[in-house]
Amino acid sequence: MELVIRGKHTAVPDPLKAYARKRLAKLDRYLPAAREAVVEIYHEDTKSAADRFVVEVTVNCNGTLLRAEERSADPRAAVDRVADVLANQSRRLKGRRVKRHHTGASRAAAPVEPAGEEDEEAAWPGGRVVRVKRFAVKPMTEEEAIQQMELLGHDFFLFQHAAEGTYALLYRRRDGNYGLLVPAES
């Protein structure tokens, strides 16, 4: 797995890079097909000293994205936490794949792959857009979208509905179930 370590608005020291490589090397055990992992480390000026260092990791495993973000007063502690979260996510993913394989279900189509993420600022009345994400959208079923949303740890997920042929928005409801927004032609 190719590991890309970069700092946002800060330089990442070599000992911290080596430590991150060592801690994230465990993921190869769970995800041998993982192609790339991007690690972003940055320092934020926050009121709470316990949340000063942020470590974000995005792992691309054949189109399935695993993502974790952790904060800590020490960057090494944040790397430890993010490595543990990703290890849990990868074990769950591997368990789902094994379970699906043993039940005889067909292989799912590859979920969304990012085409490129950009940070942009734009003016907005009453607020501003501080981040814009662009990603490739591939057709998938509702089940595959739920799986991808859970792996990312998000409350919503935009995808191309395979049956409808249009975009759909999957979201988590407060009662623990899911909702699906599908646009209707007017």
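These questions and answers walk through a predicted model of one protein.

The model is predicted: local features need pLDDT of at least 70, side-chain atom pairs count only at pLDDT 80 or more, and totals for chains, interfaces and linings use all residues. Residues are numbered from 1 along each chain as its sequence is written, and side-chain values use heavy atoms, with hydrogens and water left out.

Q: What average pLDDT does the protein have?
A: pLDDT is the predictor's confidence in each residue, from 0 to 100. Of the residues, 83% score at least 70. The average pLDDT is 80.

Q: Over which residues is the pLDDT below 50?
A: Contact means heavy atoms within 4.5 Å. Beyond near neighbours in sequence, the stretch in question has 52 contacts in the model. Its pLDDT is nevertheless below 50, and it covers residues 104-124.

Q: How many helices and strands does the protein have?
A: Both are DSSP runs, numbered from the N terminus. A helix is H or I with at least four residues, and a strand is E with at least two. The protein has 4 helices and 12 strands.

Q: In what order do the 4 strands of the open sheet stand?
A: Two strands pair if DSSP finds at least two bridges between them. Strands of a sheet pair through backbone hydrogen bonds, either parallel or antiparallel. Here the pairing is mixed, and the order is 9-10-11-12.

Q: Which strands stand at the edges of the sheet?
A: An edge strand has a single partner strand, so one side of it is left without a neighbour in the sheet. That holds for strand 9 (139-140) and strand 12 (178-181).

Q: Which residue of strand 12 stands opposite Tyr 171?
A: Strand 10 (residues 156-161) and strand 11 (residues 167-172) pair in the antiparallel sense over 5 bridges, and there Phe 156 stands opposite Tyr 171. Strand 11 and strand 12 also pair in the antiparallel sense, over 4 bridges. In strand 12, the residue opposite Tyr 171 is Gly 179.

Q: Which residue in the hairpin turn has a positive phi?
A: Strand 11 and strand 12 form the hairpin, with 5 residues between them. The phi in question is about 95°. The residue is Gly 176.

Q: At what angle does helix 4 run to strand 10?
A: Axes are lines fitted to C-alpha atoms, for helices over the stretch in contact, and angles run from 0 to 180 degrees between N-to-C directions. Helix 4 (residues 142-152) lies across strand 9, strand 10, strand 11 and strand 12. Its angle to strand 10 is about 150°.

Q: Is Arg 23 buried or exposed?
A: Buried means under 20% relative accessible area, exposed over 50%, partly exposed in between (1.4 Å probe, protein chains only). Arg 23 is in helix 1. Leaving out residues up to four places away in sequence, Arg 23 touches Val 79, Asp 80, Ala 83 and Asp 84. Because its relative accessibility is 17%, Arg 23 counts as buried.

Q: Which helix gives the most to the largest nonpolar core?
A: A nonpolar core is a set of buried Ala, Val, Leu, Ile, Met, Phe, Trp, Tyr and Cys residues joined through side-chain atoms within 4.5 Å. The largest has 28 residues, and Val 55 is one of those with the most contacts inside it. Helix 1 (14-24) and helix 3 (75-102) are among the elements that each supply at least two residues. The top contributor, with 7 residues, is helix 3.
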